[in-house]
Amino acid sequence: MVGLLGSLHVSHYLLVGAVLFVCGVFCMATKRNVIGVLLGIELVLNGANINLVAFGSPMLAAGADGFLGLDGQLMAIFVIVLAAAEAAIALAIALNYYNLHATADVDQADELKG
């Protein structure tokens with residue numbers, strides 16, 4: 001892909017994936033709300049997906065024998081399916097907790113401690 005900014009390389013995609021991953025970790029660490037933590041988890045998973053697709057791209061190998069083919073894309077689809085299931089279950093748990101306690105604060109959720 002050649003455009004006004006020049007050609008894009010795999011390192012550009014890896015940088016975007018790393019930035020998304022770090023933003024997600026920061027969001028998970030700083031948010032007190034359950035929904036904010038879930039959004040951070042989704043950012044982490046999306047950053048990992050971008051890296052998986054970048055590692056599986058033909059730009060990385062440039063015709064070498066070590067080309068991964070569609071392995072990165074298939075792993076990214078698998079992570080997306082798992083993220084959808086995780087989001088549905090976590091959102092159901094968060095809504096149930098909110099209905100019982102009228103708060104979505106993560107620090108208040110200490111009923112499951114053993």
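**Figure 1. Helix 2, checked end to end.** Here is helix 2 of a predicted model, running over residues 34–55. With 22 residues at 1.5 Å each, helix 2 should span 32 Å, and its end C-alpha atoms are indeed 32 Å apart, so the two values agree. Plenty of helix 2 is tucked away: Gly36, Leu38, Gly40, Val44, Gly47, Asn49 and Ala54 are buried. Two of these names, Gly47 and Asn49, get their own views below.

**Figure 2. The whole chain, for orientation.** Stepping back, the protein chain has 4 helices and 2 strands. Follow the sequence along and the pattern reads β-β-α-α-α-α. The chain is 114 residues in length, and 17% of them count as buried. Its accessible surface comes to about 8,000 Å², with 72% of that belonging to carbon and sulfur atoms. Now take the contacts between residues at least 6 apart in sequence: 56% of them join residues at least 24 apart.

**Figure 3. Helix 4, the partner of helix 2.** This view follows residues 71–101, which make up helix 4. The same ruler works here: 31 residues at 1.5 Å each should span 45 Å, and the end C-alpha atoms of helix 4 are 44 Å apart, which agrees. Which residues of helix 4 are buried? They are Gly72, Ala76, Val79, Ala83, Ala94 and Tyr97. As for where they go, the buried residues of helix 4 pack against helix 2. Just past the end of helix 4 comes Ala102, whose phi is positive, near 55°.

**Figure 4. Helix 2 against helix 4.** Two packed helices are described by the angle between their axes and the distance between the axes. For helix 2 and helix 4, the angle is about 175° and the axes are 9 Å apart. Angles over 145 degrees count as roughly antiparallel, so that is how helix 2 and helix 4 sit relative to each other. On the helix 2 side, the contact is made by Val34, Ile35, Leu38, Ile41, Glu42, Leu45, Asn49, Leu52 and Val53. Helix 4 brings Gly72, Gln73, Met75, Ala76, Val79, Ile80, Ala83, Glu86, Ala87, Ala90, Leu91 and Ala94. Sorted by class, the contact has 16 nonpolar, 3 polar and 2 charged residues. An α-helix has 3.6 residues a turn, so residues three or four places apart point the same way. Keep that in mind while scanning the residue names above.

**Figure 5. Zooming in on Asn49.** Asn49 lies in helix 2. Why does Asn49 count as buried? Its relative accessible area is 8%, and the cut-off for buried is under 20%. Setting aside neighbours within four places in sequence, Asn49 is in contact with Ala76, Val79 and Ile80. Those three also turn up among the helix 4 residues that make the contact with helix 2.

**Figure 6. Gly47, on the same helix.** Gly47 is in helix 2 as well. How much relative accessible area does Gly47 have? The value is 0%, so Gly47 is buried. Not counting residues up to four places away in sequence, Gly47 touches Gly17, Leu20 and Phe21. Another pairing to look for is Gly47 with Val22: they are 25 residues apart in sequence and 8.5 Å apart in space, C-alpha to C-alpha.

**Figure 7. Cys23, looking across from helix 1.** Cys23 lies in helix 1, which covers residues 10–30. At 40% relative accessibility, Cys23 counts as partly exposed. Find Val44 too: it comes 21 residues from Cys23 along the chain, and their C-alpha atoms are separated by 7.7 Å. Val44 is among the buried residues of helix 2.

**Figure 8. Val34 and the company it keeps.** Val34 is found in helix 2. Leaving out neighbours within four places in sequence, Val34 is in contact with Ala94, Ala104 and Val106. Val34 and Ala94 are 60 residues apart in sequence, yet 6.7 Å apart in space, C-alpha to C-alpha. Ala94 is one of the buried residues of helix 4.

**Figure 9. Thr103, after helix 4.** Thr103 lies in the segment after helix 4. Its relative accessibility is 24%, so Thr103 counts as partly exposed. Beyond neighbours within four places in sequence, Thr103 is in contact with Tyr97, Tyr98 and Gln108. Of these, Tyr97 is a buried residue of helix 4. Thr103 and Val34 are 69 residues apart in sequence and 9.6 Å apart in space, C-alpha to C-alpha.

Terms used: Residues are numbered from 1 along each chain as its sequence is written. This is a predicted model: local features need pLDDT of at least 70, side-chain atom pairs count only at pLDDT 80 or more; totals for chains, interfaces and linings use all residues. Side-chain values use heavy atoms; hydrogens and water are left out. The expected span of a helix is 1.5 Å times one less than its number of residues. Buried means under 20% relative accessible area, exposed over 50%, partly exposed in between (1.4 Å probe, protein chains only). Contact means heavy atoms within 4.5 Å. Accessible areas come from the Shrake-Rupley method with a 1.4 Å probe; for residues, only the protein chains shown count as cover. Axes are lines fitted to C-alpha atoms, for helices over the stretch in contact, and angles run from 0 to 180 degrees between N-to-C directions. Angles under 35 degrees count as roughly parallel, over 145 as roughly antiparallel, 65 to 115 as roughly perpendicular and the rest as oblique. Ala, Val, Leu, Ile, Met, Phe, Trp, Tyr, Cys and Pro count as nonpolar, Asp, Glu, Lys and Arg as charged, and the others, Gly among them, as polar.
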